[in-house]
Amino acid sequence: MDRKTAEKIWEGVRNVSGSRREPNFNKWAEDIRKLKAREKVSDSRILEVFRWANSDPFWKSNILSAEGLARHWLKVTAKANDKIEARSNDSGDYIRNLIKS
C-alpha cells in the first residue's frame, strides 16, 4: 500500500512540477511507511492532506516528494484541517438544507 500511496503522490507532484523523471518509489514508500508509523495516520489520510497541499498555492510548490510531505506534516495538516473541516461543514449544511426542503 505504501508504494501505491507513493505513486499517487507522484501523480500530483508530476502535474505541478512537470517532471517526467520518476522518483525512487522504494524510498518514497519508505518515507510513507515512516510517516504512518510516526503520526499514526492511514494512507487515505495522507492522500487527503496531500491532495489539499497539492492544490494550495503555497504548499504545492513546497511538497514535491513523500519526504517533503513527511517533513512538513504538522504544518500542512494544521492548515489542511481548517480547510478540509470547513469544506465538510459546508457539504453538511448543503445536505441538511436539501433534507429540509
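**Figure 1. Ile46, a residue of helix α3, and its surroundings.** Ile46 has its place in helix α3. The model shown here, as in every view below, is a predicted one. With a relative accessibility of 0%, Ile46 counts as buried. Leaving aside residues up to four places away in sequence, Ile46 touches Thr5, Ile9, Ile32, Leu35, Lys36, Val41, Leu69 and Trp73. If you want a long-range distance to look for, try Thr77: it sits 31 residues from Ile46 along the chain, and the two C-alpha atoms are separated by 9.4 Å.

**Figure 2. The whole chain, for orientation.** Before zooming in again, here is the overall layout. The protein has five helices and zero strands, which reads as α-α-α-α-α along the sequence. Of its 101 residues, 38% are buried. Take the contacts between residues at least 6 apart in sequence: 59% of them join residues at least 24 apart.

**Figure 3. The largest nonpolar core.** In soluble globular proteins, nonpolar side chains tend to be buried together. Here the largest nonpolar core has 23 residues. Ile9, Trp28, Ile46, Ile63, Leu69, Trp73 and Val76 are the ones with the most contacts inside this core. Each of α1, α2, α3, α4 (66-71) and α5 (73-100) supplies at least two residues. Which helix gives the most to this core? That would be α3, with six residues. Ile9 is a good one to click on: not counting residues up to four places away in sequence, Ile9 touches Trp28, Ile32, Ile46, Leu47, Phe50 and Leu69.

**Figure 4. α1 against α3.** Two packed helices are described by the angle between their axes and the distance between the axes. For α1 and helix α3 (residues 43-55), the packing angle is about 5° and the axes are 11 Å apart. Angles under 35 degrees count as roughly parallel, and α1 and α3 are therefore roughly parallel to each other. On the α1 side the contact is made by Asp2, Thr5, Lys8, Ile9, Gly12, Val13 and Val16. From α3 come Asp43, Ile46, Leu47, Phe50 and Asn54. Sorted by type, the residues of this α1 and α3 contact are six nonpolar, three polar and three charged.

**Figure 5. α1 against α2.** The axes of α1 and α2 come within 8 Å and cross at roughly 110°. The range from 65 to 115 degrees counts as roughly perpendicular, so that is how α1 and α2 lie to each other. In α1, the residues to pick out are Asp2, Arg3, Thr5, Ala6, Glu7, Ile9, Trp10 and Val13. They meet Phe25, Asn26, Trp28, Ala29, Ile32, Arg33 and Lys36 in α2. The residues of the contact of α1 with α2 split into eight nonpolar, two polar and five charged.

**Figure 6. Trp10 and Trp28, an aromatic pair across two helices.** A pair of aromatic rings is described by the distance of the centres and the angle of the planes. The structure holds three aromatic pairs. In one of them, Trp10 and Trp28, the ring centres are 6.1 Å apart and the planes stand at 80°, so this pair is edge-to-face. Trp10 lies in helix α1 (residues 2-17) and Trp28 in helix α2 (residues 25-39), so the pair ties together parts that are 18 residues apart in sequence. Are these two rings buried or exposed? Trp10 counts as buried at 6% relative accessibility, and Trp28 is buried too, with a relative accessible area of 8%.

**Figure 7. Phe25 joins in.** The rings of Phe25 and Trp28 have their centres 6.4 Å apart, with planes at 75°, so this pair is edge-to-face. Phe25 and Trp28 both lie in helix α2, three residues apart, which is about one turn of the helix. At 7% relative accessibility, Phe25 counts as buried. Put together, Trp10, Phe25 and Trp28 form one aromatic cluster.

**Figure 8. Asp31, a buried charged residue.** Asp31 lies in helix α2. Asp counts as charged, yet Asp31 is buried, at 10% relative accessibility. Not counting residues up to four places away in sequence, Asp31 touches Ala66 and Glu67.

Notes. Residues numbered from 1 in each chain as written. Predicted model: local features only at pLDDT ≥ 70, side-chain atom pairs only at ≥ 80, totals over all residues. Heavy atoms only, no water. Phe/Tyr/Trp six-rings, centres within 6.5 Å; stacked < 30°, edge-to-face > 60°. Helix = DSSP H or I, 4+ residues; strand = E, 2+ residues; numbered from the N terminus. Buried < 20%, exposed > 50% of the residue type's maximum accessible area, 1.4 Å probe, protein only. Axes fitted to C-alpha atoms, helices over the stretch in contact; angles between N-to-C directions. Parallel < 35°, antiparallel > 145°, perpendicular 65-115°, else oblique. Contact = heavy atoms within 4.5 Å. Core = buried A, V, L, I, M, F, W, Y, C linked by side-chain atoms within 4.5 Å.
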